[in-house]
Each structure stands twice: as structure tokens, then as C-alpha cells.
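User: I'd like to go through some backbone oddities and internal space in this one. Can you take my questions in turn?

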Amino acid sequence: MTVGTPAVATAGQVATTSQTTPARQPNTVRAGTSNRRCPTPTPPVARPTRPAPPPLDPTHAAVGGAGLATPGLVAPPGSATPPAVTATSWLVADLTSGAVLGGCGPHEYGVPASVQKLLLAAAVMPHVDPTSMVEVTESDLDFEPGSSAVGLVQGGRYSIETLWLGLLLNSGNDAANVLARLGGGSAGKAGGVAAMNSEARQLGAYQTHAATPSGLDGPGQYTSAYDVALIARACFARADFRRYAATKLAQVPAQAANKTKAFPIWNDNQLLHRYPGGLGGKTGYTDLARHSFVGAAERNGRTLLVTLLGGENQPLAGWQQGAALLDWGFGLPANAKVGQLVSRGQLGPGGQVPTQAAGAGGSGGSGETQADDGTPSRPGWLLMAGAPVVLLAILLILLLVRRRAQRNT
């Protein structure tokens, strides 16, 4: 199949920009934060009614920096206005350093749709052998009729690598069920979902709760643009994930027992096909979530990541909105930063945020500062505390030398 390469929509080609009221109001007004309105298309896009999200914990809203705790726009001072997009929340970050370049309501709750499959990959991919074969069961094919699927058949045997390709290229809900079952061990698919939620906590994605492995809507299932960026960054850190995400075409093997022929699957993330330097990512859609999108791209030695939640497909498709935001991010100085994607294990139990994780930099109350690479540096008080020990050692050495000299005379 030949994929066309029409021109990429840039920030200037997005629908007319105006500073209008955001499509979704914040849960609470948080004092001391920016309330700059996010650029949105005119006229406003009609949206279906959504259930009310859970209350936003101020502790979780501070993760990555106090400037990110806003329902509005956060961007570097003096930067160009970001493009107008229909997404209710979004974030752009440097995939290598974790620096957050800007966002709109980055910690506001949203519904993930199939970008949640990235959390499944983050939780399960490290623990399964891609060359192993697995047989598809009847329960694996129990998912919402008409939703996206690879086309796996009951009794068919597929390599785990084929399942990952089906999950990421074709957004296969059947592949998600199989992989969650494998990841859950004796607890099956439910155990896989539990592993996903555990992985989210370890990554610091405390606003994320998975109810399904595929991202199909489920009770109490939420995330945020910031959390999705944490999860996507963990995925892109793996060479196997990057290879799967960058695959444009794959083949699902024939199943002799079921008399099923082999067939091709194509990557449905148009950023990979149409955006220069595109590395892939994940698309998503449900009636409740609307359009969600994750994409990464390289340009001039920089690798950026964009996440969007709650978008509509008009006037621009989700990948085009992501492309416009990536263009905006690449246009910022290399040292631009409004926050930070926290590292695995950086948050305390229950999501408490050490000062280093809460801020975009600087030292915390513990007296330990962090270098640019996230490694702790030794504070001055620790060196001072060790000085008496060094002095005592010197005195002991001098005493031993003196005694030895007395014996030799």
C-alpha cells in the first residue's frame, strides 16, 4: 500500500485562532497558577456530554512543577502563541531530557481511549519474550463489537511480537486482551490491568487509572496529558517499542488450523507516514474520550513528544493537531522549559512530591540538590559533617609515626 505525503499542517495553517473559553472548565480554581486561556478554533467545536471527572488532588497537580498546575495555557515567557487545537488538554516535552516545553491543562483529567495501550506496553513488554508463541482463547475475543481489532482467531497461535505489532499498528483490542492476560499471570486479564495501574504509580502517573487493557471506556478510567507523556517516555526508552512504533507495514501469519490466510496490517498513525522525522506513537478514539493522540518526532538533533486528550477530528485530524504542536515545540529555543517529566520512582508513597520533583529545578528541603541529569549531588553540609572524621584520622597517623620514631631511637 502506498501512503500519500500531503503537506503537514503547521501552526499557521490551523483553524483561526482566538483566545476563547476552554472547552472544559477546571474542576477547581487553583490559586497562584496561570489562567491563560488555551487557543481554540473558532467557532467552538460541539462536544458530547461527559461524566464529571474525579477531584484533582493539588499534590498530583504539582508534579513536574508548580507552573503545570493550571487548567489554562503554560508556555515559556515570550514564546509564540501555540496553535489552536480542539484537544481539551495537551503537552509538549523533550523526549530525551524530559523538559516540558508547554501545555494546556497538563494535569486536567481526561479519558485516554487507545493511547492507554501504551501503559499496557510499559507494564508488560519488559516481562514477555517476543519470540514466544501464544494461543488465542475465546475470552481474548470478548471486547466491544465494532471496535478496532487485528483479526486474531480463536485457537490461532501468534508470536508475542505479532501481538505487539497488532496492538500498536492496528490498535487491536483483541491483542490487548491477550497481552494483558499474559502480563497478569495466574490472575489473567484482571492481573494485567492491575499491573498497568502498578506501573502507572511507579512512573509517577498518579492521575491515571486503567479499567480496561485496551482503553475501551470503563468505570473510573482517567488519565492526564502529563501522565500520558510519562508513560510514552517510558515506552520510547525501549528499543523494541521504538521499532514496533516505527513499523509501517507488518504481516499477520496464516492459521492453518482455522484455514485463515495471512494478511497485512498498516500503522494507523499518520504522523509516521506524513511528518518529517516522525517516530510514531499511538492514536485513540471512543465516543466518550473523543480523539486522543501521542506522537514523537526528531528534528535537528532534538526529539520531541506531544500528547493530546479530548480532541475532535475537525477542522484537523488528531495527528495534524499533534504535528502543529510539534512544529511549535521545535520552534522554541533548545533550553525552553516550563516543567519536568519526573523519573521512575522519583515520587514518594502516595504521590507525595519531593521539591526536586515538584519544581522545574532547584534544591529541596532535604538538603540534597540534583544535577541536570537527575543524579543527586552532595550538599555542603555533608562535607562539613565529614571534616572531623578526616581530622581525627590525621591525628592518629601522626601519633603512630611519632611512636615508631621513638622505638627507632
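User: Is Lys259 buried or exposed?
Analyst: Keep in mind that this is a predicted model. Lys259 sits in the loop between strand 10 (249-252) and strand 11 (263-266). Its relative accessibility is 79%, and the cut-off for the upper class is over 50%, so Lys259 counts as exposed.

User: And what is the phi of Lys259 near?
Analyst: Lys259 is a residue other than glycine, yet its phi is positive. The value for Lys259 is near 55°.

User: Arg290 has a positive phi too. Is Arg290 buried or exposed?
Analyst: Phi of Arg290 is near 65°, and the residue belongs to strand 13 (residues 290-299). The relative accessible area of Arg290 is 16%, and the limit for the lower class is under 20%, so Arg290 is buried.

User: Which peptide bond is cis, the one that ends at Pro315?
Analyst: Pro315 is in the loop between strand 14 (302-311) and helix 9 (318-330). Omega is near 5° for the bond that leads into Pro315. That cis bond runs from Gln314 to Pro315.

User: Now the inside: how many charged residues line the second largest cavity?
Analyst: The model has 4 cavities of 30 Å³ or more, and the second largest holds about 50 Å³ of space. Its lining includes Pro112, Val115, Leu119 and Ile231, along with Gln116 and Thr208. By class, that lining has 5 nonpolar and 3 polar residues. The number of charged residues there: none.

Definitions and conventions: Residues numbered from 1 in each chain as written. Predicted model: local features only at pLDDT ≥ 70, side-chain atom pairs only at ≥ 80, totals over all residues. Heavy atoms only, no water. Helix = DSSP H or I, 4+ residues; strand = E, 2+ residues; numbered from the N terminus. Buried < 20%, exposed > 50% of the residue type's maximum accessible area, 1.4 Å probe, protein only. 1 Å grid on protein atoms, 1.4 Å probe; cavity = no way out; pocket = protein on both sides within 12 Å on 5 of 7 lines; lining within 4 Å. Points joined across faces, edges and corners; volume = space filled by probe spheres on them. Nonpolar A, V, L, I, M, F, W, Y, C, P; charged D, E, K, R; others polar.
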